[in-house]
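Work through the exercises below with the sequence and the model side by side, and try each task before you read its solution.

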Amino acid sequence: NGALQIIDRKKNIFKLAQGEYVAPEKVENIYLTSKYTAEVFIHGDSFKTACVGIIVPDKKPLMSLAQECGVSGEFEDVCKNATVIEKVLADLTKIGKASGLFGFE
């Protein structure tokens, strides 16, 4: 019908299956401090025990990281490379721990 619909979260907090509350905006903002992330979206389900994070990588820093790791190819190929994924995940884990995030966040 050509209509534009803008969606957003109904609440700025959700509860996981084990009863822990998570503020997704807080977690998103923490993970956005990584130089490898351009956008972050955190989703939680009250029937699950952990959150799901969707991260859009920042092209320039990611391509630089790939070059440092000796990985070549197009951006899509670099995003699928196990070595690059491992390095980015290590960076995100370090940021999460330094910021005091819990394992389920």
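**Exercise 1: The chain as a whole**

Task: Find what share of the contacts in the chain with a separation of 6 or more comes from residues 24 or more positions apart, and then describe the order of helices and strands.

Solution: In this predicted model, residues 24 or more positions apart account for 44% of the contacts with a separation of 6 or more. As a next step, go through the secondary structure, which comes to four helices and four strands, and read it along the sequence, where the pattern is β-β-α-β-β-α-α-α. Finally, consider burial: of the 105 residues of the chain, 29% count as buried.

**Exercise 2: The largest nonpolar core**

Task: Determine how many residues the largest nonpolar core has, and which elements supply at least two residues each.

Solution: Begin with the core itself, which has 22 residues, and in which Val22, Leu62, Val84 and Val88 have the most contacts. Then assign its residues to elements: α1 (24-31), β3 (37-43), α2 (59-68), α3 (75-80) and α4 (82-98) each supply at least two of them, and the largest share, four residues, comes from α4. Next, take Val88 as an example; not counting residues up to four places away in sequence, Val88 touches Tyr36, Leu62 and Leu65. As background, nonpolar side chains in soluble globular proteins tend to be buried together.

**Exercise 3: The two faces of α2**

Task: Identify which residues of α2 are buried, and explain why they lie on the same side of the helix.

Solution: First list the buried residues of α2, which are Leu62, Leu65 and Ala66. They cover an arc of only 100° around the axis, and therefore they lie on the same side of α2. The face turned away from this buried side carries the exposed residues Lys60, Gln67 and Glu68. To complete the picture, look for the partners of the buried residues of α2, which pack against β4, α3 and α4.

**Exercise 4: After the helix**

Task: Decide whether Cys69 is buried, partly exposed or exposed, and find which residues it contacts beyond its neighbours within four places in sequence.

Solution: Locate Cys69 in the loop between α2 and α3. Its relative accessible area is 25%, so Cys69 is partly exposed, since this class lies between the cut-offs of 20% and 50%. Leaving aside neighbours within four places in sequence, Cys69 is in contact with Thr83 and Lys87. Lastly, note Gly70, which follows α2 and has a positive phi, near 75°.

Terms used: Residues numbered from 1 in each chain as written. Predicted model: local features only at pLDDT ≥ 70, side-chain atom pairs only at ≥ 80, totals over all residues. Heavy atoms only, no water. Core = buried A, V, L, I, M, F, W, Y, C linked by side-chain atoms within 4.5 Å. Buried < 20%, exposed > 50% of the residue type's maximum accessible area, 1.4 Å probe, protein only. Contact = heavy atoms within 4.5 Å. Arc of directions from axis to C-beta.
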